[in-house]
Amino acid sequence: SFGCDGLMCPPGEFNNVGRQTSANDPCKACPGAENSPYYGMSECASLEKKRERDILQLFYSATGGDGWKNNDGWLDDAIDICSWYGISCRDGQTVESIILGSNSLTGKPPRQLFGLKNLQNLWLYSNPMNFSFDGIAEATSLKSLLLDSTRLDSLEGIGGAANLVDLDVRFNNLAGKIPDEILGLKHVETLSFADNGFTGTVPSFAQATKLKTLRMGGNKLKDTIPSFATSQLLTTVDLSDNDLFGTIPRDFLKKIDVSATVFLDLSGNDLTGQVPKELSRFDDMIIYLRDNRIEGIDPELCEKSRWNGGDVGSFKCDGLLCPSGSFSPSGRTSRAGATCEPCPKVQHFGSTSCDDKSGATQQTWMGTSAVLSAIGGLVFACLVI
C-alpha cells in the first residue's frame, strides 16, 4: 500500500513508528536543515534539538547562567547547542554530557534536565546549588552523576536513577543512615559517599553485584565491618575515619579474585584484634590501618612483598604497621621516608603519635575531614581579621 515507506521512512522524514502504517500516518519531512541520514526514524533530529535547546535554556536561567565562570556559546542562536561550553552531543545531535563542575552554578536545576533522553554524564560538582533528584527516573540513559561539594543535603529520589553506574556525593551535608534507595541501584559500580555525616551501620551492598569501588570515609558510621563476602568485583573499599569497631572479618572480600589489586583503607577507627592472615591470599594490596587499636599482625602478611607498593617487601611488618612501642606520622614505615620511631607508652600497632590516642578518637593523620576543618578555620580567622 505504501511502497518503501511501509518498510521505513526515508532519510529526512519520520513518523512515530518509523514507517507508514496507514493513510493517516504518512512519513513526514523534518523541518530545518539538520536531519538524520538514517532510514526508519521515529523522531525528527531538528525538532529534538529544538526541544533540548529549550531545556538547556531553562537550566541556564535556573542556575544563574549569566554569573557562571564560563558560559561561552550559551543562548547564542548562531551557535549549535553541541558547541556550548560544557556540552557534548552524540553524533552532533542530542546532548550526551553536561560537564559544568566548578563553574559557579547556583539555584536549583530544573527537573526538565532529566528529560534529555540521551544524557549519560551529568557533572555539576563544586557548585553551590540546590540539587533535587525529583524526576530523575526520566533520565534512563544517565550513567555518571557527580555532585560532590554541592551542599547536597538529601538523597531522596536517587533510587529512580535505575541505570546509574557512578555516583559521587562526597563533601556534602548528607546525614542519617544510608538510604535504602541506594541499595537498589543494581548497576552501580562506584559509590563515593565520603566526608558527610552519615550514621548507623555499613550496608553489605549485596544487591549491588557490579560494585567495584566504595568510598565512605569521613562519616560517623558506627558498626562492625561487613565482610562483603558476596561481592565479586569490589576491590576498592575506603571506610576510614568512622567509628567502626570489632575485628577485620576473616572472610573479608573472600570472593574477589586473588590476582586483583585491592585497595583497603580502614584507618582512624576503633578496630581491635589481629590483622587476619586470610588476607594473604591477595598478592597485591594497598592496606591502610593506622590509628586503630590493633594488637598484632599475622606473620604471613609480612611476607607479601608487593603490598603497599613494595613497602612490605622492603620493611616487612613495619611496612604494614608500626608495632606497639613505636609510631610514625603514617603509622608505618615507607620508602617515602616515614620510619617507626621508639615510644614505649604506645600500646597498639599503627600509631601516628607518641600519645597512643589510637582509634576513632584520634583520626588525625591526613584525614580528609580534619584537613578540610583546618582550612575552614583558617579562612574564617582571616575573614574575622
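**Notebook: aromatic contacts and a nonpolar patch**

I looked up the aromatic pairs in this predicted model and found that the structure holds 11 of them. I took W68 and W74 as an example: their ring centres lie 4.9 Å apart and their planes meet at 80°, so I entered this pair as edge-to-face. I then checked whether these two tryptophans are buried or exposed, and noted that W68 and W74 are both buried.

I next turned to F263 and Y288, which also form an edge-to-face pair, with 5.8 Å from centre to centre and 85° between the planes. Because F263 belongs to strand β15 (residues 261–265) and Y288 to strand β18 (residues 284–288), this pair ties together parts that are 25 residues apart in sequence. For exposure, I noted F263 as partly exposed, with a relative accessible area of 23%, and Y288 as partly exposed too, at 25% relative accessibility.

I also asked which charged residues sit over these two rings. The charged end of R215 sits over the ring of F263, 5.9 Å from its centre, while R290 lies over the face of Y288, at 5.6 Å from the ring centre.

Going back to W68 and W74, I found that they belong to one aromatic cluster together with F59, Y60 and W84.

Last, I looked at the surface, where L7, M8 and Y39 make a nonpolar patch of about 360 Å². Of these residues I followed up M8, which lies in the segment before β1 (13–14) and is partly exposed, its relative accessible area being 41%.

Terms used:
Residues numbered from 1 in each chain as written. Predicted model: local features only at pLDDT ≥ 70, side-chain atom pairs only at ≥ 80, totals over all residues. Heavy atoms only, no water. Patch = residues over 30% accessible without salt bridge, like charges linked within 9 Å, V, L, I, M, F, W, Y side chains within 5 Å. Areas by Shrake-Rupley, 256 points an atom, 1.4 Å probe, with all protein chains shown as cover. Salt bridge = Lys/Arg side-chain N within 4 Å of Asp/Glu carboxyl O. Helix = DSSP H or I, 4+ residues; strand = E, 2+ residues; numbered from the N terminus. Buried < 20%, exposed > 50% of the residue type's maximum accessible area, 1.4 Å probe, protein only. Phe/Tyr/Trp six-rings, centres within 6.5 Å; stacked < 30°, edge-to-face > 60°. Lys NZ or Arg CZ within 6 Å of the ring centre and 35° of its normal.
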